[in-house]
Amino acid sequence: MNELEQQLHYPLGETLPDSGRCIEVAPGVKWIRMALPFALNHINLWLLRDRVDGTEGWSIVDCCIHREEAKSHWESVFANELDGLPVLRVIATHMHPDHIGLAHWLCARWQAPLFISAADFLVAHMLVTGADAASTERTVQFYAQHGLNDAETARKLRERKPYFASLVPSVPDQYHRLLDGGHLQIGAHRWTCISGYGHAPEHMALYCADLGVLIGGDMMLPRISTNVSVHEQEPEADALTLFLSSIDRFLPLPVDTLVLPSHGKPFTGLHTRIQQLHDHHRERLAEVLQACGEKPCSAADVLPVLFKRPLDFHQITFALGEAVAHLHALWHGGQLQRQQDAEGVLRFRTHKSFTTEGQRRP
Ligand SMILES: [Zn+2]
């Protein structure tokens with residue numbers, strides 16, 4: 001456990017759900033932990049005791065990626081944990097593959113509808129067909145503009161198999177729209193949708209005041225910081241500013257709220273964690289500003305500033321988006337100005353009205 005994690009509290013200690021079994025973390029709320037074949041090696045999924053139109057059953061929150069191991073894990077959960085009742089609804093916090101990958105299968109398996117935000121439903125449909133040649137070339141151009149303009153990077157990007165489509169073969173054709181501030185009656189309890197931006201198009205966290213539980217999805221993780229990236233589809237996005245203002249929307253929740261994150265363990269200490277994430281990004285932004293005060297920097301130039309360890313190509317694809325997000329927060333905030341050099345690379349340097357410490361000049 002790192003120093004920051006020690007400031008949080010894990011009510012269940014080191015206990016994790018066994019494979020195919022759940023742990024009840026609040027009345028009628030069960031925790032499932034499924035393996036993922038990535039560096040981020042697991043995802044948490046939730047079962048909520050539900051009742052729809054007089055029928056008793058369960059709602060599922062998040063689905064895992066499309067693969068046989070996950071399907072058989074789900075079948076064990078169905079056999080062991082549903083008390084013989086059906087799944088009535090499938091809810092996805094957002095459209096990333098580990099959250100929506102098996103939604104098509106779960107919805108068909110139980111004849112259950114999908115609940116998700118409109119933006120995430122539509123973007124998932126857009127990506128499920130895979131990257132076409134034009135979008136691959138836009139990605140190559142995006143990397144080149146941000147300083148990764150070597151032939152090797154372009155070759156690797158063109159050879160990369162479509163990431164999303166390989167983990168999400170299809171998405172249900174119909175959905176029920178989750179809207180910010182909207183309510184879902186799930187069994188005996190009312191849950192409120194809280195939208196969040198900067199990580200996914202329109203992430204929905206779910207909060208239940210009766211139970212004092214927040215299903216935080218990827219917007220509120222205890223150990224790792226959420227990936228906040230700018231992508232080629234929205235190349236000028238200010239994702240980091242959106243993310244930081246989104247997590248502040250959890251500030252009105254009670255201090256003893258039990259947070260159920262998509263990765264890591266259920267925790268309390270929500271307000272401490274919000275502050276930690278602000279501190280973390282403020283420090284990173286200060287480092288980026290410092291670097292851009294010394295010389296005009298592309299996103300590729302700030303990779304070693306933000307990431308002190310060597311990165312492989314897969315990690316670079318995530319890291320570049322994060323680097324652009326940090327540069328854009330400072331650029332949209334007026335502290336950096338942007339210029340395109342003769343090679344077409346976008347370079348950021350301290351705006352002349354600011355010092356490298358980010359103070360406005362008198
Ligand atoms: Zn995600």
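Which residues coordinate the zinc ion? In this predicted model, the zinc ion is held by H94 through NE2, H96 through ND1, H199 through NE2 and D218 through OD, at 2.1 to 2.2 Å. If you would like to find these donors in the sequence, look for the spacing H-x1-H-x102-H-x18-D along the chain. The angles that the four donor atoms subtend around the zinc ion run from 91 to 173 degrees, which makes the arrangement irregular. A tetrahedral site would need all its angles to lie between 85 and 135 degrees. One of the donors, H94, has a relative accessible area of 0%, so H94 is buried.

Now let us step back and take in the whole protein. Its fold is built from eleven helices and 14 strands. The radius of gyration is 21 Å, close to the 21 Å that the globule rule gives for 362 residues, so the protein is as compact as a globular protein of that length. Along the principal axes, the C-alpha trace spans about 65 × 45 × 35 Å. Buried residues make up 52% of the 362. Among contacts with a separation of 6 or more, 64% are between residues 24 or more positions apart. On the outside, the protein exposes about 16,200 Å², and carbon and sulfur atoms supply 52% of that area.

Helix α8 is a good place to see how one element is packed. This helix covers residues 239-247, and its buried residues are A239, L240, F243, L244, S246 and I247. Looking down the axis of α8, you find these buried residues within an arc of 160 degrees, so they line one face of the helix. What lies over them? The cover of the buried residues of α8 includes strand β9 (189-196) together with helices α9 (270-294) and α11 (313-332).

Two further residues show how parts of the chain meet. D98 sits in helix α2, which spans residues 97-100. Its relative accessibility is 11%, so D98 counts as buried. Although D98 and C64 are 34 residues apart along the chain, their C-alpha atoms are separated by 4.4 Å. Leaving aside residues up to four places away in sequence, D98 touches L36, I43, C63, C64, I65 and H263.

The other residue, H146, belongs to the loop between α5 (133-145) and α6 (151-159). Is H146 buried or exposed? With 2% relative accessibility, H146 counts as buried. Again leaving aside residues up to four places away in sequence, H146 touches S298, A299, A300, L320, V324, H328, V345 and L346.

Finally, two loop residues deserve a look for their backbone angles. D83 is not a glycine, yet it has a positive phi of about 55 degrees. You can find D83 in the loop between α1 (68-81) and β5 (87-91). The relative accessible area of D83 is 58%, so this residue is exposed. Q111 is not a glycine either, and it has a positive phi of about 50 degrees. Its place is the loop between α3 (103-110) and β6 (114-116). Q111 is exposed too, because its relative accessible area is 72% and the cut-off for exposed is over 50%.

Notes:
Residues are numbered from 1 along each chain as its sequence is written. This is a predicted model: local features need pLDDT of at least 70, side-chain atom pairs count only at pLDDT 80 or more; totals for chains, interfaces and linings use all residues. Side-chain values use heavy atoms; hydrogens and water are left out. Donors are N, O and S atoms within 2.8 Å of the metal (3.2 Å for Na, K and Ca); water is not among the atoms, so sites may look incomplete. Four donors count as tetrahedral if all angles lie between 85 and 135 degrees; four count as square planar and six as octahedral if opposite donors are over 155 degrees apart and all others between 65 and 115; anything else is irregular. Buried means under 20% relative accessible area, exposed over 50%, partly exposed in between (1.4 Å probe, protein chains only). Helices (H or I, at least four residues) and strands (E, at least two) are DSSP runs, numbered from the N terminus. The arc is that of the directions from the helix axis to the C-beta atoms. Contact means heavy atoms within 4.5 Å. The radius of gyration is taken over C-alpha atoms; the globule rule is 2.2 Å times the number of residues to the power 0.38. Accessible areas come from the Shrake-Rupley method with a 1.4 Å probe; for residues, only the protein chains shown count as cover.
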